Amino acid sequence: MTKYVKTPANPAGRERQRQAFDHLMAAFEASAGRPPRERWLYLEAAHVIGQSRLALHWRAHRRMLAFARELRDEHEVQGQWRQLGYAVFGHVVRRIPQGNTGRALVPAFRTMVPSAAVRACITDAMAAVAP
């Protein structure tokens, strides 16, 4: 059975989700100069946190696209263009797979368990914005 992401119902949960997403995006920007594989973890974690809300989901893929361009990774660039389209479609049909990390090498509608490193980034971000 495929599990799909649900947006937090209460306003406080939605705000914490946005804050954790913003924390991960800021951590990504602050990690300039680190190896790309380390930097991707922040974007993947932000994608997992934000994928239940179209605006956050879109921002995650836009930054993934920009980073792929910076790296001159044509496979990832092409994949992120596709992922941007799939993100909109997934929200329209309300089918956003839980845990999907959003990279080009991952099928857009595959539910997954993020890696331990991505989960650690998420845990750190949620702790950083805890009430």
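User: What makes the backbone of R72, the residue that follows α3, worth noting?

Analyst: In this predicted model, R72 comes after α3 with a positive phi, near 60 degrees, and that positive value belongs to a residue other than glycine. R72 is found in the loop between α3 and α4.

User: Why is R72 called exposed?

Analyst: The relative accessibility of R72 is 72%, and the term exposed applies over 50%, so R72 counts as exposed.

User: How do you know that the length of α3 agrees with that of a helix at 1.5 Å a residue?

Analyst: The 18 residues of α3 should span 26 Å at that rise, and the C-alpha atoms at its ends are 25 Å apart, which agrees. Its buried residues are L56, H57, A60, H61, R63, M64, L65, F67 and A68, and what covers them includes α1, α2 and α4.

User: How does α4 compare with its expected span, and what puts its buried residues on the same side?

Analyst: With 19 residues, α4 reaches 28 Å from its first C-alpha to its last, close to the 27 Å expected at 1.5 Å a residue. The residues buried in α4 are E76, V77, G79, Q80, Q83, L84, A87, G90 and H91. They cover an arc of only 155 degrees around the axis, and therefore lie on the same side of α4. E74, H75 and V92 are exposed on the other side of α4, while the buried residues of this helix pack against α2 and α3.

User: Which residues of α5 are buried, and what shows that they share a side?

Analyst: The buried residues of α5 are V118, C121, I122 and A125. Their arc around the axis is only 100 degrees, which places them on the same side of α5. As background, an α-helix has 3.6 residues a turn, so residues three or four places apart point the same way. On the other side of α5, A116, T123, D124 and A127 are exposed, whereas the buried residues of α5 pack against α1 (11-30) and α2 (36-50). The length of α5 also fits, since its 13 residues (116-128) should span 18 Å and its end C-alpha atoms are 18 Å apart.

User: How many aromatic pairs are there, and why is the pair of W40 and F67 called edge-to-face?

Analyst: The count comes to four aromatic pairs. In one of them, W40 and F67 have ring centres 5.0 Å apart and planes at 65 degrees; the centres must lie within 6.5 Å for a pair, and planes over 60 degrees apart count as edge-to-face, so both conditions are met. W40 lies in helix α2 and F67 in helix α3 (residues 54-71), so the pair ties together parts that are 27 residues apart in sequence.

User: Are W40 and F67 buried or exposed?

Analyst: Buried means under 20% relative accessible area; W40 is at 5% and F67 at 2%, so each of the two is buried.

User: What is the geometry of the aromatic pair of F89 and F109, and how accessible are F89 and F109?

Analyst: The ring centres of F89 and F109 are 6.1 Å apart, with 80 degrees between the planes, which makes this pair edge-to-face. The pair links distant parts of the chain, with F89 in helix α4 (residues 74-92) and F109 in the loop between α4 and α5, 20 residues apart. Partly exposed covers values between 20% and 50%, so the term fits F89 at 47% and F109 at 36%.

User: What surrounds W40 beyond its neighbours in sequence, and which charged end sits over its ring?

Analyst: Leaving aside residues up to four places away in sequence, W40 touches M64, F67, A68, L71, E76 and R103. The charged end of R103 sits over the ring of W40, 3.8 Å from its centre, a distance that satisfies the limit of 6 Å. Ring pairs also link F28, W40 and F67 into a cluster, and the charged end of R39 sits over the ring of F28, 4.1 Å from its centre.

User: Why is E44 called buried, and which residues does E44 touch?

Analyst: E44, in helix α2, has a relative accessible area of 11%, and the cut-off is under 20%, so E44 is buried. Not counting residues up to four places away in sequence, E44 touches M64, T101, R103 and V118. The C-alpha atoms of E44 and R103 are separated by 7.3 Å, although the two are 59 residues apart along the chain.

How values were computed: Residues are numbered from 1 along each chain as its sequence is written. This is a predicted model: local features need pLDDT of at least 70, side-chain atom pairs count only at pLDDT 80 or more; totals for chains, interfaces and linings use all residues. Side-chain values use heavy atoms; hydrogens and water are left out. Helices (H or I, at least four residues) and strands (E, at least two) are DSSP runs, numbered from the N terminus. The expected span of a helix is 1.5 Å times one less than its number of residues. Buried means under 20% relative accessible area, exposed over 50%, partly exposed in between (1.4 Å probe, protein chains only). The arc is that of the directions from the helix axis to the C-beta atoms. Contact means heavy atoms within 4.5 Å. Rings of Phe, Tyr and Trp (its six-membered ring) pair if their centres lie within 6.5 Å; planes under 30 degrees apart count as stacked, over 60 as edge-to-face and the rest as tilted. A charge sits over a ring if NZ of Lys or CZ of Arg is within 6 Å of the ring centre and within 35 degrees of the ring normal.
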